[in-house]
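Please walk me through this structure, starting from one helix and working outward to the sheet, the disulfide and the core.

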Amino acid sequence: MTSGISRRARVLAAAVGTGVLVPLVAAATPAAAATPTVTCTSAKAGLAAKLKKDITAALATRKGTVAVGLYDRSTNTTCTLRASSAYDSASVVKVTVLATLLWDAKKTNRYLTDRENTLAKAMITKSDNAATSTLWKQLGMTKIKNFLTAAGMTQTKPGANGYWGLTQITVTDEQKLLKLLTAKNAVLSDNSRSYIMNLMGQVVSSQRWGTPYGVPSGVTVAVKNGWLQRSTNGWRVHSVGAFKGGGHDYVMTVLTHGNSTMNYGITTIQAVAKVIHKDLAAS
């Protein structure tokens, strides 16, 4: 056995023209590099390094697969982890449904009907599934896909056969949507943005967990969460939020699956949110 290994080592060494140990170490590197790491950049000195360290530490003992997105306009700060990994959306997609409804209404220069207003409010503030199914069916796949194209949300794949909760979402696209909701743009009108943010600010107290956890006093909160249990990858638990105040204007997405319980996923999200709010408040 020893001679077989050394023979292979000699072949590798000959191929790369270097010592025996180098190719053997190099061959093992890809596996070690496979674990994604938190990446942060910031115009504020020291902030990126602090966020990277604290988000990494918050996730160090947590099981499951977690994706994170942060963008703060005030300090031009961005953090990402698994930004392009796809997750079943669960109820987080409801923000996209409402944005599509308003985008489509604007195209035909009309206001939402009383019925649409009632459905929209139930869908966002109480995460009402029946209201969502009604609006999803009303809009249809073509309009939903057209909105995603207009919003540049190229990684989002709508759920088939009416299963809106199985829409595939990524941190990258959720952050794109949150940015559209929180600053003037050509896709959503100011009235539409205000309407969505207003409803996300009225989410019932029992559903205000997740990204708002640890938010400093005086900072406004807009949130939408999602949770779904399936036979594979356990619980999906997600939270998207927008926050403004204390000299900051930021949006945050945390997507998770592989959670043993819903509460386990919530705890993971809140561990991340807490350090992000703290680090931004101190900057």
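Which residues of H5 are buried? They are Glu116, Leu119, Ala120, Ala122, Met123, Ile124 and Thr125. The model is a predicted one, and the values below are computed from it.

Helix H5 covers residues 114-125. With twelve residues at 1.5 Å a residue, H5 should span 16 Å, and its end C-alpha atoms are indeed 16 Å apart, so the expected and modelled spans agree. The cover over the buried residues of H5 includes three helices, H4 (94-107), H6 (129-150) and H8 (190-200), together with strand S6. After H5 comes Ser127, which has a positive phi near 55 degrees.

The loop on the other side, between H4 and H5, holds Asn109. Asn109 is not a glycine, yet its phi is positive, near 55 degrees. Its relative accessible area is 67%; a residue counts as exposed over 50%, so Asn109 is exposed. Arg82 also has a positive phi without being a glycine, in this case about 50 degrees. Arg82 sits in the loop that runs between S3 and strand S4 (87-88). With a relative accessible area of 24%, Arg82 is partly exposed.

Now the wider chain. It contains nine helices and eight strands. Of its 283 residues, 47% are buried. Among contacts between residues at least 6 apart in sequence, 64% join residues at least 24 apart.

Six of the strands form an open sheet with antiparallel pairing, in the order S1-S3-S2-S8-S7-S6. Why do strands S1 and S6 each have one side without a neighbour in the sheet? S1 (39-41) and S6 (220-229) stand at the edges, and each has a single partner strand, so one side of each is left without a neighbour. From one strand to the next, the twist averages 5 degrees. Helix H3 (residues 47-59) packs on this sheet, where it touches S1, strand S2 (65-72) and strand S3 (77-81). The direction of H3 makes about 30 degrees with that of S3.

Elsewhere in the sheet, S7 (residues 235-245) and S8 (residues 248-259) run antiparallel and are joined by ten bridges. One residue to locate here is Lys244, whose bridge partner in S8 is Asp249.

The structure holds one disulfide. It is formed by Cys40 and Cys79, with their sulfur atoms 2.1 Å apart. Cys40 belongs to strand S1 and Cys79 to strand S3; the two are 39 residues apart, and the pair links distant parts of the chain. The torsion about the S-S bond of Cys40 and Cys79 is about 115 degrees, so the disulfide is right-handed. Are these cysteines buried or exposed? Both Cys40 and Cys79 are buried.

The last topic is the nonpolar interior. The largest nonpolar core has 77 residues, and those touching the most other members are Ile55, Leu98 and Phe147. H4, which also helps cover the buried residues of H5, gives the most to this core, with eight residues. What does Phe147 touch, leaving aside residues up to four places away in sequence? Its contacts are Thr96, Ala99, Thr100, Trp103, Met153, Leu177, Val187 and Leu188.

Key:
Residues are numbered from 1 along each chain as its sequence is written. This is a predicted model: local features need pLDDT of at least 70, side-chain atom pairs count only at pLDDT 80 or more; totals for chains, interfaces and linings use all residues. Side-chain values use heavy atoms; hydrogens and water are left out. Two strands pair if DSSP finds at least two bridges between them. Helices (H or I, at least four residues) and strands (E, at least two) are DSSP runs, numbered from the N terminus. Axes are lines fitted to C-alpha atoms, for helices over the stretch in contact, and angles run from 0 to 180 degrees between N-to-C directions. Contact means heavy atoms within 4.5 Å. A disulfide is a pair of cysteine sulfur atoms within 2.5 Å. Buried means under 20% relative accessible area, exposed over 50%, partly exposed in between (1.4 Å probe, protein chains only). The expected span of a helix is 1.5 Å times one less than its number of residues. A nonpolar core is a set of buried Ala, Val, Leu, Ile, Met, Phe, Trp, Tyr and Cys residues joined through side-chain atoms within 4.5 Å.
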